Amino acid sequence: MDGSGTAIRHIRADEVEAFRRIRLEALRTEPSLFASRYEDWEVLSLEEWRNRLNEPVFIAFQGDEPVGITGLLRQRSSKMAHRATIIMVYVRRSLRGTGLASRLLSAVADHARDIGILQLELFVSAENPAAIRFYQREGFSEIGRIPGGVLEEGREIDDVMMARAPSGRLSLPSISVC
């Protein structure tokens, strides 16, 4: 299976079931890749799922089947409203390496630019070097680390903080927070 024939769209509240299916799939099949847990999301009411769509969520579809997802959380403070965090990045395993993740990232970055975002940020597990390399290829730079950012089965795993401008590269020095 390849990434052709996929459509990416900013979903609406009436598409909450597609959101629920792909988000739960991501958390169930790749639990170590996310700060959230499947068990925390599976118990959400339909109303809570809809409320989460108050922030932009983009889903890749093959036909009616959701196969990838990403979202955006804009900072609320007026002094930080130019910044947003990319969240929930997931592409079904059979579609990895097809360019679909880049297309999802482009869709969310285009939306961010359209709403005035000047800096995109994300967090990725230090134990996910493939994702770190992907984000670096996409123009993200490491700007810091959160030691023990995630507690997974009693282990502390660092979060790598990365950033870039929505239109491409962001010239930031690489620093580590200890």
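**How does the radius of gyration of this 178-residue chain compare with that of a compact globule?** The model is predicted. A compact globule with 178 residues would have a radius of gyration near 16 Å. The chain has 16 Å, so the two agree.

**Figure 1. The whole chain, with its five helices and seven strands.** Starting at the N terminus, the order of elements is β-α-α-α-β-β-β-α-β-α-β-β. The C-alpha trace spans about 45 × 40 × 35 Å along its principal axes. Of the 178 residues, 45% count as buried. Contacts between residues at least 6 apart in sequence were also sorted by separation: 62% of them join residues at least 24 apart.

**Figure 2. Surface and charge of the chain.** The exposed area is about 9,500 Å². Carbon and sulfur atoms supply 49% of that area. The chain carries 24 positive and 25 negative charges. Their mean positions lie 4 Å apart.

**Figure 3. Helix 5 and its buried residues.** Helix 5 covers residues 129–137. Which of its residues are buried? They are Ala131, Ile132, Phe134 and Tyr135. These residues cover an arc of only 160 degrees around the axis, so they sit on the same side of helix 5. Their packing partners are two strands from further up the chain, strand 4 (83–91) and strand 5 (119–125), together with helix 4 (100–114) and strand 7 (155–164). Just after helix 5 comes Gly139, with a positive phi of about 95 degrees.

**Figure 4. His111 in helix 4.** Is His111 buried or exposed? Its relative accessibility is 18%, and therefore His111 counts as buried; the cut-off for buried is under 20%. Neighbours within four places in sequence are left aside here. The remaining contacts of His111 are with His10, Pro56, Phe58 and Leu72. Helix 4 itself is among the elements that the buried residues of helix 5 pack against.

**Figure 5. Met88 in strand 4.** Met88 is not a glycine, yet its phi is positive, at about 60 degrees. Its relative accessibility is 11%, so Met88 counts as buried. Strand 4, which holds Met88, is one of the elements packed against by the buried residues of helix 5.

**Figure 6. Glu153 in the loop between strand 6 (141–152) and strand 7.** How large is the relative accessible area of Glu153? The value is 75%, so Glu153 is exposed. Ser32 is 121 residues away from Glu153 along the chain. Their C-alpha atoms are separated by 9.9 Å.

**Figure 7. Asn51 in helix 3.** Helix 3 comprises residues 46–52. Asn51 has a relative accessible area of 39%, so this residue is partly exposed. The class lies between buried, under 20%, and exposed, over 50%. Leu100 is 49 residues from Asn51 along the chain. What distance separates the C-alpha atoms of Asn51 and Leu100? They are 26 Å apart.

Definitions and conventions: Residues numbered from 1 in each chain as written. Predicted model: local features only at pLDDT ≥ 70, side-chain atom pairs only at ≥ 80, totals over all residues. Heavy atoms only, no water. Helix = DSSP H or I, 4+ residues; strand = E, 2+ residues; numbered from the N terminus. Rg over C-alpha atoms; globule rule 2.2 N^0.38 Å. Buried < 20%, exposed > 50% of the residue type's maximum accessible area, 1.4 Å probe, protein only. Contact = heavy atoms within 4.5 Å. Areas by Shrake-Rupley, 256 points an atom, 1.4 Å probe, with all protein chains shown as cover. Lys, Arg positive; Asp, Glu negative; His and termini not counted. Charge placed at Lys NZ, Arg CZ, Asp CG, Glu CD. Arc of directions from axis to C-beta.
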